[in-house]
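Reader: Please take one part of this model and go through it closely. I would like the ligand site first, then its setting in the protein.

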Amino acid sequence: MLVKNPFKCMQGPTSRQASGAGPSGMSYLYQDRKRRDSGDTYEVVCYEKQSNWGGLWNYTWRTGLDEYGEPCHGGMYQDLWSNGPKECLEYPDYTFEDHFGKVIPSFPPRAVLFDYLKGRWEKANIRNQVRFNMLVKSVTYNKETDDFTVRVKDLKSDMVLPSETFSHVVVANGHFSVPNVPEFDGAETFPGRILHSHDFRKASEFKGQRLLIVGASYSAEDLAMQCRKMGSGNVICCWRTKPTGFKWPKGIEERPNLTKIDGNTIHFKDGTTADVDAIIFCTGYLYKYPFLSETLCLKTGLRMYPPGLYKGTVWMGDGNNKLMYLGMQDQYYSFTMFDIQAEWACAVIKGSIKLPTRDEMESDISKWLKKEAALKDCYDDIFFQTEFVCDLAKEVGCQHNLNVKALFDKWEDDKYADVLTYRDQVFSSVFTGTPGIKHHTRWIEAIDDTLETFVNQTPNK
Ligand code: FAD
Ligand code: NA7
C-alpha cells in the first residue's frame, strides 16, 4: 500500500521527513498537513521511486524491472476489483459519496479505488511534497547526533544525491512487492509458463489454459476466479497448511500441495496427478528493506502484529523511537488503518502523544503478541485488528468510530456462502448511513471494469 517507501521526517527548525507515496505514505503527508499550524517550521519530504503516486494502486503493465532497471513495485492486474467492501476502507473525512457525488456499489474495480485515493490527496494539496523518481538507497541512524543519514538516487539522472540528514524516518514501502517464490522438484521440466502472482497482469492471457494455482489465500482465490471469468480452462488450487474452505464454482477445485512437477504433469500430496498448461504461484511476499541498515530493519513474515513495533508502528530497535513503520500488518483494515497509524505517528513526532517508558512499551507489545498467538480464524483476526485500529483512534482522540467489524464479518460470511457472488453484495457506509446500492451487472458478467462504466452507469438515487 504502500509503501511503500521510506519516509523520513525531521522535526525542529531543520527537521524533515520522507516517505513513499502509496496509501500509507500519503496518509502520513495528509495527517501532517491536517495537524500543521503556522508555527511549524519542520519539513516533510516523501521520496517515491515511481513516477506517480498510489503505490500498488498505480497500475503498471511492467513486470520484472522498471524503466530504470529497479525491481518493479506493482503487482496489481487489469481485472482487479476490490477484494473487500469499500465501506471497510472508507475514510471518515472523505467518503465515497463525497468523492463521486453519489452512492456507488460496494466492490469497485481498481481504477475506481485509485480515483478515490487521488481525490483525497488532491483536495489536501500534498502532491508537491512528493519527490518522484527518487529511490531511497540507504538509511542509517547516527547515535551521536540522534538523527538519520539518508541517501537517495535520482533515477532520471542516474545520480546518487548528496546525503541528507533527517530527524525522523517513516518507512512506508509496502510489503506486497517482493514475491516469495518457492522451489518445487521438476519445475525446470515444465513446458508452459510459470509465474508468480506479482507478474500476473491479464487473466485473458490464460484463456483456454488449464491452470495450477499454488496457495490458498487472497491471490489464489482471486486469480482462480478471474481466470475462469475470462475463459481459462479448469483450475486446480493447491494448499500447504489448509484449504480455503470455499465452495468453488464448477471448474475450480482444491487439492493438497504439489510434490513434484514432471513435464506437464503435476503430482499432489494425496497421490493424484493432473496435467496443466500454466502454473501461477500465489505464494505471497517477503518483507524486504534493502535501504535500511541492519539495526533498523523489521524482520517478519505476514502477521497481524509484526514484532518489535510499539503500537504496530514505532521501531523498538535502533533509532531512539524516531523510526516508524506504517502498514506492515497483515491487512483486513487497509486505508483507514494506515491513516490512523499515520495520524498517531504524526502526533508522536509532533510531541502531542508522549511515548511511555521502554518497559511499558515492551509490555504493551507483549500484550498484543499474546492476543495474536490466540487467534484461530479470520473472524478472530478481524476482531483483533478492530481492537488495534480502535486503540490508535482512542490515543489520537479520533472523533469517528472506525469500527467496521460487523461489515467485515458479513463479508467473510458472504465469501464462505458463495465465493462467486460475494462481490455482488450490498453494504452501507457507516459514516454517511446512506443505504448501499447493487451494481448494474453481476461481478461474474462485468467484463468492462472502467471507472466510467462502474460509476457513471450507476443510477443516481
Ligand atoms: P504500497 O501501496 O505498496 O506503496 C509503497 C510505495 O513505496 C510504492 O509507491 C513504492 O514505489 C514506494 N517505494 C518502495 N520502495 C521504495 C524506495 N526504496 N524508495 C522510494 N520509494 C519506494 N487492499 C485493499 O484494501 N483492497 C484490495 O482490494 C487490495 N487488493 C490488493 C491486491 C494485490 C494484488 C495486492 C498486492 C495488494 C492488495 N491490497 C488491497 C493491499 C495493499 O497492500 C494496500 O491496499 C495498499 O496499497 C498498501 O499501501 P502502502 O502505501 O502501505 O504500500
Ligand atoms: P498471502 O496472503 O501471504 O498468502 C500466501 C499463500 O501462499 C498462503 O496460502 C500460503 O500458505 C501459500 N504458500 C506459501 N508458500 C507456499 C508453498 N511453498 N507451497 C504452497 N503454498 C504456499 O499472499 P496473497 O498474495 O494471497 O495476498 C497478499 C495480498 O494481496 C493480500 O493482502 C490481498 O489484499 C492481495 P500457508 O497458509 O502459509 O501454508
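Author: What follows covers the site of ligand 2, the two domains and the cavities. This is a predicted model, in which local features need pLDDT of at least 70, side-chain atom pairs count only at pLDDT 80 or more, and totals for chains, interfaces and linings use all residues. Residues are numbered from 1 along each chain as its sequence is written, chains are lettered from A and ligands numbered from 1 in the order in which they are written, and side-chain values use heavy atoms, with hydrogens and water left out.

The protein is divided into domain 1 (1-178 + 285-461) and domain 2 (187-281), with bounds that come from an automatic or database domain assignment. Both domains give residues to the shell around ligand 2, so the ligand lies between them. The domain centres, taken over C-alpha atoms, are 30 Å apart. In the contact between the domains (heavy atoms within 4.5 Å), 34 residues of domain 1 meet 22 residues of domain 2.

Around ligand 2 there are 19 residues, each with a heavy atom within 4 Å of it. Ala216, Ser217, Ser219, Arg240 and Thr241 come nearest. The shell divides into nine nonpolar, nine polar and one charged; here Ala, Val, Leu, Ile, Met, Phe, Trp, Tyr, Cys and Pro count as nonpolar, Asp, Glu, Lys and Arg as charged, and the others, Gly among them, as polar.

Oxygen atoms of ligand 2 take part in polar contacts (pairs of N or O atoms within 3.5 Å). A polar side-chain atom of Thr241 lies 2.3 Å from one such oxygen atom, and for a polar side-chain atom of Ser217 the distance is 2.7 Å. Cys282 contributes a polar backbone atom, 3.1 Å from an oxygen atom of ligand 2. Taken alone, ligand 2 exposes 790 Å², of which the protein buries 79% (Shrake-Rupley method, 1.4 Å probe).

The whole structure holds two cavities of 30 Å³ or more; on a 1 Å grid over the protein atoms alone, a cavity is a set of points where a 1.4 Å probe fits but cannot get out, and lining residues have an atom within 4 Å of a point. Volume is the space filled by probe spheres set on the points, which are joined across faces, edges and corners. The largest cavity has a volume of about 100 Å³. Lys86, Glu87, Glu97, Val103 and Ser429 lie nearest its centre, among 15 lining residues.

Terms used: A polar contact is a pair of N or O atoms within 3.5 Å; within protein, one must be able to donate a hydrogen and the other to accept it, and residues adjacent in sequence count only if both atoms are side-chain atoms. On a 1 Å grid over the protein atoms alone, a cavity is a set of points where a 1.4 Å probe fits but cannot get out, and a pocket is an open set with protein on both sides within 12 Å along at least five of seven lines; lining residues have an atom within 4 Å of a point.
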